[in-house]
Amino acid sequence: MVLKIFFPQCCNTADSGLLVGRWIPGHNSAVVLAVIHYPFIPGQVKKFLNELQSQTQVELIVLGSWSMPKEGQEGMDSFLKDLSTIFPQKCWLQLSREIGKTGFTCHVVQNNGKILQDPEQENGDGSSEKDQITLIHYDQRKVMLSQIHPLEEVKSDSEPSELRLVFQTVAQSQLLFSQDKYDDGPLKLTHWQSEGREASIIAELLKQVSVPVCFFLSWLLSLWHYFWSFRILNVRPVLFISSKLSTCVQSGHRALNFETAFSTKRAATHTDFMRKANIFVSFLVDIALGLLLISWLYRENRISKLANTLVPVADRVAKELQELLEWLMGAPAGLKMNRALDQVLGRFFLYHIHLWISYIHLMSPFIERILWYVGLSTCFGLTFALSILSDMVALLTFHIYCFYVYGARLYCLKIYGLSSLWRLFRGKKWNVLRQRVDSCSYDLDQLFIGTLLFTILLFLLPTTALYYLVFTLLRLVVVLFQGVIHLSVDFINSFPLFAICLRICRPYRLAEGVKFSVLCDEPGTPLHLMMEINPIKFTSVLQLYRAPTYSCYPKDSWAALCKKLFVGELIYPWKQKKNAKTD
């Protein structure tokens with residue numbers, strides 16, 4: 001069986017001393033975490049390791065000895081070998097390195113006195129066992145900060161893999177790395193921070209400031225929830241209107257994100273930490289884009305120009321619709337329409353357009369002031385500005401929505417009427433209780449009335465279908481524009497910007513696995529391998545760390561949507577979710 005020893009690169013040139021680490025349970029592997037330099041007192045070493053075990057919950061022990069001969073330390077090897085009696089273990093590792101050589105000499109003394117000292121040892125039958133001892137060098141800092149994917153393996157009931165146990169051991173031993181050979185104390189250690197501690201005054205100050213800031217933001221969120229708990233805001237009409245307004249839905253979604261990002265509780269898992277970080281970075285980017293937009297709006301008096309342009313554009317749209325209706329009331333594309341029904345529908349829709357024009361001109365003196373206050377709301381983020389734009393588009397095109405609903409309901413009524421009368425001719429009827437078509441016998445009067453109604457509906461269908469087709473196309477144009485806005489809002493809310501930046505700047509933080517390369521294969525020394533981290537792909541980052549959004553998309557297939565359009569059923573492709581889940 002091969003004995004694998006994971007050795008940190010930072011300890012290759014460490015002074016002679018003791019190897020501190022852990023045996024991987026269930027595997028014939030050992031992880032070296034640090035080297036305690038000579039001189040030391042064995043009692044202080046045991047006390048130090050016991051304190052670390054109680055704080056880190058990692059079984060840290062003395063794995064063996066490390067020898068790096070220098071001048072004046074000729075008897076160091078024999079002294080370190082004798083320490084195996086003070087620190088009794090199942091296996092005692094004796095690693096030594098000569099200056100100028102890359103490979104290590106490794107001896108493993110077992111508790112039965114057997115010594116494995118060569119990478120190739122002959123058995124009694126003349127055969128040989130190769131690579132009994134393998135040294136795997138790793139970058140301790142990268143392994144400590146890395147997170148092995150997929151994350152589902154941690155949640156499963158099965159035993160974690162050997163590689164995952166190695167990464168967990170290094171990550172959980174972070175307290176061991178807080179002391180190094182430059183600190184004043186009875187013990188001097190070498191580990192990755194001995195090469196230069198990563199400390200930042202700005203980072204420490206931000207950590208200290210984040211606690212009161214989180215408390216303040218949590219207090220503001222409690223006030224927000226108290227405001228929305230008023231009974232007048234929870235009546236059915238108010239709830240219905242707020243559920244249809246994109247701005248209200250975005251506000252609720254942002255409040256839920258704030259509760260997660262600015263919670264005073266420490267993130268328990270890697271997923272929780274990444275979710276908090278992604279929400280926080282997305283919020284900062286959203287605010288920055290909103291401030292850029294507000295600076296552009298209030299520069300060179302663009303608000304007034306926009307207000308002066310809005311009313312003429314609305315008049316132009318209403319005029320185009322009026323001309324379209326007048327064209328439909330004639331002979332559109334040379335089609336022969338039912339004149340009576342054509343005139344009734346045309347005048348009905350023209351009346352709605354006149355009402356809408358009157359409404360626009362009534363609101364025109366207040367549009368600039370409304371836009372001025374709406375522009376101020378962009379300081380809450382670009383998503384708020386886009387949500388307000390979506391609501392404004394919905395209000396300004398409300399007459400088109402009404403036309404679509406009227407035309408769809410009338411067309412749907414005729415389609416279902418024709419289908420019911422067609423079943424009458426075939427001696428069938430729809431059984432409401434059993435939800436199926438049953439046979440039925442009709443008398444002569446019923447067939448005569450059915451034939452008369454079928455003829456009337458069939459000849460009126462082209463006129464109704466033409467109005468329904470025109471207004472459905474207009475509605476689809478508005479829906480597509482709002483869909484682009486909603487997609488932009490969802491992209492800003494859900495895009496894992498922090499995870500993507502982490503993947504670009506520090507790819508080892510998000511690891512998908514490792515790869516090994518031969519570092520040294522000198523005769524008389526064990527096989528030396530170099531363990532390098534493989535980062536996960538960008539597509540995997542998007543799939544794993546993309547935040548859930550509040551919008552849902554049509555669950556029907558394209559065939560189902562076309563069927564609904566054909567029979568005249570109302571379609572709301574950008575309908576909001578009733579219960580948004582952000583967990």
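**Reading burial and helix packing in a predicted model**

At 1% relative accessibility, His-528 counts as buried.

Me: Okay, before I trust that, what kind of model am I looking at?

Reply: A predicted one. Keep that in mind as we go.

Me: Then why does His-528 count as buried?

Reply: The general idea is a cut-off: buried means under 20% relative accessible area. His-528 has 1%, so it counts as buried. As for its place in the fold, His-528 sits in strand 16, which covers residues 527-535.

Me: Which residues is His-528 in contact with, leaving aside its neighbours within four places in sequence?

Reply: Gly-103, Phe-104, Leu-135, His-137, Ser-517, Val-518, Leu-519 and Cys-520. There's also a pairing to look at in space: Phe-7 is 521 residues from His-528 in sequence, yet their C-alpha atoms are 9.8 Å apart.

Me: How do I read that sort of thing for the whole chain?

Reply: Take the contacts between residues at least 6 apart in sequence: 70% of them join residues at least 24 apart. The chain has 583 residues, and 41% of them are buried. Its secondary structure comes to 17 helices and 16 strands. On the outside, the chain exposes about 33,600 Å², with carbon and sulfur atoms supplying 62% of that.

Me: Let's do helices. How are two packed helices described?

Reply: By the angle between their axes and the distance between the axes. Here, try helix 12 (residues 382-396) against helix 14 (residues 444-494). The angle is about 165° and the axes are 10 Å apart.

Me: Are those two roughly parallel or roughly antiparallel?

Reply: Angles over 145 degrees count as roughly antiparallel, and therefore helix 12 and helix 14 are roughly antiparallel to each other. The crossing of helix 12 past helix 14 is left-handed. Residues making the contact include Leu-386, Ser-390 and Val-393 of helix 12, and Gln-482, Ile-485 and His-486 of helix 14.

Me: Is Ser-390 buried or exposed?

Reply: Buried, because its relative accessible area is 1%. Leaving aside its neighbours within four places in sequence, Ser-390 is in contact with Gln-482, Ile-485 and His-486, and also with Ser-246.

Me: One last check, on the cysteines. How many disulfides does the structure hold?

Reply: Zero. You can still read accessibility for individual cysteines: Cys-412 counts as buried at 12%, whereas Cys-248 is partly exposed, with a relative accessible area of 28%.

Key. Residues numbered from 1 in each chain as written. Predicted model: local features only at pLDDT ≥ 70, side-chain atom pairs only at ≥ 80, totals over all residues. Heavy atoms only, no water. Helix = DSSP H or I, 4+ residues; strand = E, 2+ residues; numbered from the N terminus. Buried < 20%, exposed > 50% of the residue type's maximum accessible area, 1.4 Å probe, protein only. Contact = heavy atoms within 4.5 Å. Disulfide = S-S within 2.5 Å. Areas by Shrake-Rupley, 256 points an atom, 1.4 Å probe, with all protein chains shown as cover. Axes fitted to C-alpha atoms, helices over the stretch in contact; angles between N-to-C directions. Parallel < 35°, antiparallel > 145°, perpendicular 65-115°, else oblique. Left-handed = near helix turned anticlockwise from the far one by under 90°.
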